[in-house]
Amino acid sequence: MFFRQFYDHGLAQASYLIGCQATGDAIVVDPLRDCAPYLEAAAAEGLRITQVTETHIHADFVSGARELAAATGAKLLLSAEGGDDWQYRYAAGDGATLLHDGDTIVVGNIHLTVMHTPGHTPEHLAFVVTDTPRAAGPMGILTGDFVFVGDVGRPDLLERAAGVANTMEAGARTLFHSLARFRALPDHLQVWPGHGAGSACGKALGAVPSSTVGYEKLSNWGVAETDEARFVASVLDGQPEPPRYFAEMKRINRDGPPVLGQLAPLRALAPAEAFPRATALWMIDLRPAAEAGLGLLAGALSIPFSKAFSTYVGTLVPYDVDVLLLAPLGAEAPETVPSVVRQAQHALSLIGMDRVVGWMAVDAAAAFWQAQGQTLRPMRLLSVAALATMGPDAVTVIDVRGASEWAAGHLPQARHIPLGALASEMPSLPPGPLVVQCQSGARSAIAAS
C-alpha cells in the first residue's frame, strides 16, 4: 500500500493519495483543484489514479474531484447520503458512482469502507482503510471534517455560512451520535483528518498531521464528551465567524465546479490601460502592509500575500467582479510575471475566484496615477502608546477582530465591526478620524485600506 498526505498551508487542508502497489491502482480523497501534485506523485510511484472521491460538499475550497476525474478518466465517487437537499447536482451528468453507508471502495487490494458521519454536513462520509494483504483488519480512517486532531467538525456552517435556518443545533446533535460510532472503532486506527490548525472548519484544531482513535478518545474534548446537552452547548460556543466566501463554495461544489484544465496566462496591464477601468476593477495590492501603507492607489485594497491571503480576499471581494493584482517587479525580468502574482492567482483559483484579468507593476502605476492628478493614500501606523494619549472623543476606534476575540476583552471605547462586515457598515461610520485595531495588525491594515 502506498499512502501520501498532501497539505496546503494556506487552506490548512489535507488530501490523500492511496495506492495499491501490486495492481497500480490509486484513489485520491478530497483533492484540491490543482491536480499537478497528485499526478506527479502517482507517476513517480508507478500508479494510475483510477478513482477520485471526497468526504463532503466542501465550504472552504473548490473541490478538485471533478477536475482530477476529467484529467485522468478516473471514476468519480460521491456521497448519496444526507437526504434530498444535500445531493451533488452534477453527479448524474458526470456518471458518478453514489456512495452509501457500508459500501466498500475497492482500489486493488486496498478497501475503503464508507461510513456515514453526518453532523458537520448532512452528507458527510468517512472512509475506513484496510490493506487486505496484511490480514490485520483496518489500519486507519480518513475523517474529513468529522474528527480533527484535538477537535471535531463544526455543525453550524450550514446556518451561519450557507443561510439554512435552524440547522446548527440539529447538526450538533447529529454530530454527537456520529461520534459514538467513532468511539466504537479500534483504538489503534490512525486518524487522517481533512484539516489542521488554521482552518475555519473548527475552533481548536491541532497542528499535528495525524493521530489515532485511541489518542483522540483521551485528548479530544468532542470525542471524549458523552453528555449530549454539554456537547451541543460546547460545540456551538465560540466558533469563529465563517469567511463570507464559504456560502459561494457550498454552491459551487454542490452544482459542479467548472473544469479549468490549467490557469489562464496572466497579462501585464499598462497603467494607461488600467486607469480608465480602475473604478470597475478590484485592485489588490500584494505588497507588505508597511510598504503599501506609504502610498496606495485610490481604490486599491491592500491584502499582502500570505498564508491567509485567499481567506481575506474571499471575505472581502465579490465573486462577480474582475480582479487586478498589483505587485512590484522584483528581481524578475520586466516581461516576467512576478512569482508573488503567480502564487496569488493560484491561491485564488483554489477558492474559485477565477476572474483575475491581469497584473500591474505597482511603482509604474503609482507614477502614472500621480501624473493624472490622483493622490496616493497613505496609511499611518499608530502605536498603542500614541492611541492611549488620545481622549475617547478624539477618534473612533474600530475593532475588526472576531466575536470570540472581542468577547475575551476589548477597549471600552471601541466599536466592534468584524473585518468581513466592514464594507456593509462603512456608511454608518461617524465623520472624523478613525483608528482600526485588531490582534496583530494584519487585519487592521487590510481594513484601513
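What follows is a chat between a student and a tutor about a predicted model.

Student: Before we start, what should I know about the numbering and the cut-offs?

Tutor: Residues are numbered from 1 along each chain as its sequence is written, and side-chain values use heavy atoms, with hydrogens and water left out. Since the model is predicted, local features need pLDDT of at least 70 and side-chain atom pairs count only at pLDDT 80 or more, while totals for chains, interfaces and linings use all residues.

Student: Okay, which strands stand at the edges of the open sheet of four strands?

Tutor: Helices (H or I, at least four residues) and strands (E, at least two) are DSSP runs, numbered from the N terminus, and two strands pair if DSSP finds at least two bridges between them. The open sheet has the order 16-15-17-18, with parallel pairing. Each edge strand has a single partner, so one side of it is left without a neighbour in the sheet: these are strand 16 (300–302) and strand 18 (356–361).

Student: At what angle does helix 12 run to strand 17?

Tutor: Helix 12 (residues 339–349) lies across strand 17 and strand 18. Axes here are lines fitted to C-alpha atoms, for helices over the stretch in contact (heavy atoms within 4.5 Å), and angles run from 0 to 180 degrees between N-to-C directions. For helix 12 against strand 17, that gives about 150°.

Student: Which residues of helix 7 are buried?

Tutor: Buried means under 20% relative accessible area, exposed over 50%, and partly exposed in between (1.4 Å probe, protein chains only). In helix 7 (residues 228–236), the buried ones pack against strand 12, helix 3, helix 4 and helix 6. They are F231, V232, V235 and L236.

Student: Why do they line one face of the helix?

Tutor: Look down the axis of helix 7 and take the directions from that axis to the C-beta atoms. The buried residues line one face because those directions fall within an arc of 110°.

Student: Which residue forms a salt bridge with D322?

Tutor: Side chains of opposite charge can pair when their charged atoms come close. The cut-off for a salt bridge is a side-chain nitrogen of Lys or Arg within 4 Å of a carboxyl oxygen of Asp or Glu. D322 sits in strand 17, and its partner is in the loop between helix 12 and strand 18, so the pair ties together parts that are 33 residues apart in sequence. At 3.0 Å, N to O, that partner is R355.

Student: And how many salt bridges does the structure hold?

Tutor: Another one joins the side chains of R154 and D156, and both of those residues are buried. The structure's count is 23.
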